Amino acid sequence: MIHDPDGEALDKCVVYVGPYRKKQEDVTHTSLSRRYFGASYTLRRAAVDVPTGPWNSVGEVVAITYQRAGADTRMFRHKFNPSVLLSRSKSFYRIELPDGCVVNHRGYVFP
């Protein structure tokens with residue numbers, strides 16, 4: 001999953017699922033990454049080529065199950081109420097969350 005919780009590089013209410021290239025360059029933890037991954041997790045820079053479209057509707061997502069890297073590797077499940085739109089472009093999927101969404105170090109918080 002590729003997400004920008006601050007909305008600096010990507011829309012903060014859009015989550016992408018797709019390939020990335022991990023680089024050998026270490027990255028210094030921020031307070032957010034420390035909370036998300038844990039202080040002992042080694043961060044690496046990655047390159048992501050998110051497509052600009054066209055995005056084709058695949059359907060709606062009613063729940064997501066995912067596992068995170070880092071200190072807390074258990075499985076997480078989040079139900080979306082209401083459901084959210086899922087689109088696809090090339091090898092990427094895009095989950096479009098409503099305005100006011102919250103996705104942070106705790107995971108999917110709202111909706």
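**Close-up views of a predicted model**

**Figure 1. Overall dimensions of the predicted protein model.** For 111 residues, a compact globule would be expected to have a radius of gyration near 13 Å; the protein has 14 Å, and the two therefore agree. Along the principal axes, the C-alpha atoms occupy a box of roughly 40 × 25 × 25 Å.

**Figure 2. Secondary structure and chain contacts.** The protein contains one helix and eight strands, and its elements follow the order β-β-α-β-β-β-β-β-β from the N terminus. Of the contacts between residues at least 6 apart in sequence, 53% connect residues at least 24 apart.

**Figure 3. The largest nonpolar core.** This core comprises 14 residues, and those with the most contacts inside it are Ile 64, Phe 80, Val 84, Ile 95, Leu 97 and Tyr 108. Two or more residues are contributed by each of strand E4 (56-67) and strand E5 (75-89). Strand E5 provides the largest share, four residues. In soluble globular proteins, nonpolar side chains tend to be buried together.

**Figure 4. Surroundings of Leu 97.** When neighbours within four places in sequence are left aside, Leu 97 is in contact with Cys 13, Val 15, Phe 80, Val 84, Val 103, Tyr 108 and Pro 111. Apart from the largest nonpolar core lies another core of five residues, including Ile 2, Val 14, Trp 55 and Phe 92.

**Figure 5. Surface and charge.** Buried residues make up 30% of the 111 in the protein. The exposed area is about 7300 Å², of which carbon and sulfur atoms supply 49%. The protein carries 16 positive and 11 negative charges, and the mean positions of these two sets are 6 Å apart.

Terms used:
Residues numbered from 1 in each chain as written. Predicted model: local features only at pLDDT ≥ 70, side-chain atom pairs only at ≥ 80, totals over all residues. Heavy atoms only, no water. Rg over C-alpha atoms; globule rule 2.2 N^0.38 Å. Buried < 20%, exposed > 50% of the residue type's maximum accessible area, 1.4 Å probe, protein only. Contact = heavy atoms within 4.5 Å. Areas by Shrake-Rupley, 256 points an atom, 1.4 Å probe, with all protein chains shown as cover. Lys, Arg positive; Asp, Glu negative; His and termini not counted. Charge placed at Lys NZ, Arg CZ, Asp CG, Glu CD. Core = buried A, V, L, I, M, F, W, Y, C linked by side-chain atoms within 4.5 Å.
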